[in-house]
Amino acid sequence: MNTNPRNDELLTIIDLTVDFGGVRAVNNVSLSLRPGELVGLIGPNGAGKTTVFNLITNAIRPTAGQILLDGKSILGKSPDQICRLGISRTFQNIRLFPQMTAYENVELGLHSSPRYSLAEAFVRLPHASRVEKETHKRALELLEIVNLREYARERASSLPYGLQRRLEIARAMATSPKLLLLDEPAAGMNEDECKALVRLIREIHTTMHYTTLMIEHHMAVVMDLCERIYVLNLGSLLAVGSPKEIQNNPQVIKAYLGERKNARTVTPS
Amino acid sequence: MGYLTAILILGGINIIATLGVAILTGYTGLFTIGHAGFMALGGYMSAILVKELHVPFPIALLIGGTFAGLCSFIIGYPAFRSRLRGDYFAIATLGFSEAIRLILNNTKTLGPINLGGAFGYMNIPSHTNVWVVLFTLFLALLFAHMFVTSHYGKNCIAVAQDEVAAQMMGVNLLKTKLIALFISAFYAGVAGGLLGFYFAYLSPSFFTITKSSDLLAAVVFGGIQSLIGPFVTAFVLVAVPEVLRALAEWRLIIYGFLFVIVMIFRPQGLLGYVEMNLNFARLLWQKWFGRKLAEG
Amino acid sequence: MELFLQQLVSGVSIGAIYSLLAVGYALVYSVYNFTNWAFDAFMAFGAFAAFTAILWLFLPFWLAMLISIVLTIVLSVGVEKLAYSTLRRRKAPRLFMMISAMGVNLAIVNIINKIFGGTFRKFPIESVQPVFLGGVSIGRMDLIAGVISFGVLALLWLFLYRTKWGLGIRASAIDILTASLMGINNDAVAVIIFTITGVLSSVAGVFYGIKYAVYPMMGIVTIKAMIASIVGGLGSLPAAILGSMLLGVLETLVSGYISSSYRDLFSFLFLIVILLFFPNGLMGKSGEEKL
């Protein structure tokens with residue numbers, strides 16, 4: 001576990017801690033990601049994984065610890081500032097804009113940094129019109145990448161669950177992130193859907209080179225995609241290593257055997 | 001003829017104020033029951049500027065609107081600050097509007113100016129006529145449309161549907177809400193000004209909770225996330241009570257029941273999510289023209 | 001000095017009335033996350049119900065009060081079932097619930113207005129002799145209002161903290177979904193909460209009507225209660241009481257020493273100042289949303 005931020009790290013988290021009332025949800029967690037890595041964050045339910053995401057995006061404030069993006073602290077910055085600095089995420093319980101179409105959801109991500117002024121909005125000068133046209137093109141491209149182009153005009157709330165998850169990924173990509181946080185992208189999916197998702201994420205990772213941190217319970221997905229995996233249990237970091245190392249780590253196995261919810265436990269591949 | 005003109009003028013004024021509330025409540029999802037207060041602020045300010053300081057009428061209207069917009073920050077800023085949860089804004093709009101009315105009721109003179117307190121501000125020059133209202137209405141609708149179709153408008157919609165997700169996607173909540181609030185207060189202020197120059201008289205009794213409820217009703221019935229819906233409803237809600245005088249007494253009771261019924265059975269209102277755009281007009285034109293061709 | 005004490009007592013008694021309303025508001029808000037604008041109407045309804053019972057049915061005060069409480073409970077629960085429950089189950093956005101609540105408010109207040117007219121009426125009880133406590137004359141009704149209000153709040157506290165039902169309510173205030181997963185019946189919770197709302201608003205309505213006047217728009221005073229609840233710290237019942245007492249006393253002092261017409265203006269300014277410097281109220285904790 002590295003506590004000295006190296007210059008080549010994109011995300012550095014040092015001794016991150018958060019207390020909720022009397023409960024220590026995250027306890028001195030340190031992790032780091034180098035640009036372009038696809039890293040997994042796993043652990044039994046309640047381990048604090050989503051809390052770590054919430055801390056990174058400053059949806060909640062840490063009690064202690066450091067979070068550095070490109071070596072600079074992002075503590076105390078508002079979530080929208082953090083988005084503009086290059087961190088984007090999907091949510092455990094999908095948070096699409098329900099009454100907006102798939103297209104509009106993605107389009108919103110493209111506006112994360114204002115590209116024309118308010119005055120220009122009122123009087124649609126050529127500059128603003130051009131920006132809108134570019135946005136239109138890019139939004140359709142992103143939908144194409146996740147194979148949702150034909151659903152562009154469908155209301156997000158009316159899309160089937162699996163497609164909603166893909167749409168959330170497209171929207172997260174729209175903000176041109178440096179770091180992509182995926183919170184259980186395969187939740188609720190069956191085998192075939194998982195395989196398709198793995199293909200999609202791998203393709204996105206290969207073409208766009210987003211640094212990605214992924215929370216996931218489907219072990220097949222994690223082991224398949226991630227180069228490195230962090231394991232959290234009860235708020236503390238339990239282990240870190242390659243998929244093979246993690247699978248054979250006795251402490252990890254023990255932590256998961258106590259977990260009744262998800263039948264897909266770690267299996268040696 | 002004079003009767004029709006009156007309906008056009010009052011209807012037009014109501015539409016302008018309603019468009020403002022549509023942007024704030026219909027598009028940004030922020031409940032307000034206090035826009036009568038902004039009408040009062042804009043109305044009195046423009047009237048004072050023209051009557052006492054002889055400022056040209058159109059400029060006075062703009063300053064009145066801007067004044068109302070700036071005053072809106074008094075409640076907007078404390079209420080919208082980050083990490084605040086709660087209906088602070090909604091409650092503050094009510095308190096604010098009542099506070100304004102109270103101050104106006106109790107202020108007989110403001111320095112050398114005789115505001116009249118509860119008796120009202122009198123002898124305001126009569127600048128409002130049907131053409132002024134129609135022209136202002138046209139501008140109001142145009143700029144509102146430009147705003148809601150721009151990415152600032154889309155940010156507002158995102159805030160209305162899931163403000164947490166919006167923030168994670170880069171939307172600055174405070175700024176977005178303040179912009180929507182300012183515009184809505186500006187529109188209300190201009191409408192208030194037009195009202196004063198029409199009646200040649202302003203009284204705090206014009207700007208009660210009932211007026212705020214009327215504006216909200218037009219948006220609720222007309223439709224969430226729509227300009228054309230509230231546009232139509234705002235006019236109808238002025239025209240109908242005039243025509244059905246007897247119904248006027250029951251108006252608020254009917255509105256009350258309709259609010260509940262609309263929310264339960266058709267929360268998007270009459271024309272919710274329907275936006276005016278060329279496509280819509282084109283479709284309508286094609287349908288109508290196509291039918292004509294088929295017949296002829 | 002005597003004036004000051006009288007003002008203080010008057011402030012405490014109005015603060016007690018505000019407390020009833022503020023607690024009712026905070027209770028609905030903490031469980032359902034929206035502002036129940038219809039509270040306004042319930043209060044007026046309660047006052048008019050008692051008023052009618054005394055004036056037209058010649059019933060004694062305490063019986064009229066009881067009838068008022070019962071009728072307001074019926075109204076309150078009825079409103080919940082008809083206007084809110086569908087939206088609640090649909091998980092409608094807060095805006096829609098508030099619009100529905102405002103609709104209920106408009107309808108009821110204006111029906112009362114249509115039936116009774118807008119005149120300010122004196123609540124029909126004989127003038128009572130003031131009570132002398134420590135050389136200071138205190139309005140007897142102020143005293144009764146204070147005692148009853150605090151009595152009701154105490155009963156409410158007992159209910160919330162010492163009964164099984166109360167535990168269910170408190171659990172629902174924290175997270176209504178989790179509470180229902182734990183076996184708490186959401187519909188029963190709704191009935192209980194709105195019953196409590198009915199009691200609080202009718203008692204507040206009657207005493208407010210006695211202290212000031214009975215008129216259809218009297219419910220506007222609930223906005224003071226909402227302000228008090230925010231000032232104390234939204235979502236917390238003790239904070240609502242703290243905010244109410246503070247507001248009641250300060251407001252009365254302003255009214256007595258500065259000007260009575262600016263009393264309402266003061267509450268509004270107080271709200272703004274508090275929000276600027278204490279964004280979560282005096283006692284509040286910042287609420288984090290679950291992601």
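**Figure 1. Helix H3 of chain A and what covers it.** In this predicted model, the buried residues of H3(A) are covered by neighbours that include helix H5 (126-145) and helix H6 (161-174) of chain A together with H6 of chain B. Is helix H3 (residues 102-110) of chain A mostly covered or mostly open? Mostly covered: nine of its nine residues are buried. Follow the helix from A:Ala102 through A:Tyr103, A:Glu104 and A:Asn105, and you meet one buried residue after another. A:Val106, A:Glu107, A:Leu108, A:Gly109 and A:Leu110 are buried as well. A reminder for reading any helix: an α-helix has 3.6 residues a turn, so residues three or four places apart point the same way.

**Figure 2. Where chain B touches chain A.** Here 23 residues of chain B are in contact with 24 residues of chain A. On the chain B side, helix H5 (130-149), helix H6 (151-161) and helix H7 (163-168) each supply at least two residues. Which helix gives the most to this side of chain B? It is H6(B), with seven residues. By residue type, the side of chain B that touches chain A divides into 13 nonpolar, eight polar and two charged. Remember H6 of chain B from the first figure, where it was among the elements covering H3(A).

**Figure 3. Where chain B touches chain C.** Now turn to another contact of chain B: 39 of its residues are in contact with 38 residues of chain C. Helix H3 (57-80), helix H4 (88-106), helix H9 (209-222) and helix H12 (251-265) of chain B each bring at least two residues to the side that touches chain C. H4(B) gives the most, with twelve residues. This side of chain B holds 28 nonpolar, six polar and five charged residues.

**Figure 4. The six-stranded sheet of chain A.** Six strands of chain A make an open sheet with mixed pairing, in the order S6-S7-S8-S3-S9-S10. Why is one side of strand S6 (87-89) and of strand S10 (236-241) left without a neighbour in the sheet? These two strands stand at the edges and each has a single partner strand, so nothing in the sheet flanks the other side. From one strand to the next, the twist averages 20 degrees. At one end of the strand order, strand S9 (residues 228-233) and S10(A) pair in the antiparallel sense over five bridges. To find your place there, look for A:Asn233, which stands opposite A:Ser236 in S10(A).

**Figure 5. The four-stranded sheet of chain A and its hairpin.** This open sheet has four strands of chain A in the order S2-S1-S4-S5, with antiparallel pairing. Its edge strands are S2 and strand S5 (72-73), each pairing on one side only. Strand S1 (residues 11-20) and strand S2 (residues 23-33) of chain A pair over seven bridges, in the antiparallel sense. How many residues lie between S1(A) and S2(A) in their hairpin? There are two, and A:Gly21 in the turn has a positive phi of about 60 degrees. Two pairs make handy landmarks: A:Asp19 has A:Arg24 in S2(A) as its bridge partner, and A:Leu11 has A:Leu33.

**Figure 6. Helix H1 of chain A and the two sheets.** Helix H1 (residues 49-56) of chain A lies across strand S3 (38-42), S6, strand S7 (179-183), strand S8 (211-215) and S9 of chain A. Its run makes an angle of about 145 degrees to S7(A). H1(A) also lies across S1, S2 and strand S4 (64-69) of chain A, this time running at about 70 degrees to S2(A). So which strand should you use to compare the angle of about 70 degrees? Use S2(A).

**Figure 7. Chain A as a whole, and how confident the prediction is.** Chain A has ten helices and ten strands. Its C-alpha atoms fill a box of roughly 65 × 40 × 35 Å along the principal axes. A compact globule of 269 residues would have a radius of gyration near 18 Å, and chain A agrees with its 19 Å. Buried residues make up 44% of the chain. The pLDDT of chain A averages 87, and 93% of the residues score at least 70. Among the elements of chain A, S7(A) has the highest mean pLDDT (95) and helix H4 (residues 118-122) the lowest (80). Take care at residues 265-269 of chain A, where the pLDDT is below 50. Beyond near neighbours in sequence, that stretch has eleven contacts in the model.

Technical notes
Residues numbered from 1 in each chain as written. Chains lettered and ligands numbered in written order. Predicted model: local features only at pLDDT ≥ 70, side-chain atom pairs only at ≥ 80, totals over all residues. Contact = placed C-beta atoms within 7 Å. Nonpolar A, V, L, I, M, F, W, Y, C, P; charged D, E, K, R; others polar. Buried ≥ 20, exposed ≤ 12 C-beta atoms within 10 Å, placed from the backbone. Pairing = 2+ DSSP bridges. Axes fitted to C-alpha atoms, helices over the stretch in contact; angles between N-to-C directions. pLDDT = per-residue confidence, 0-100. Rg over C-alpha atoms; globule rule 2.2 N^0.38 Å.
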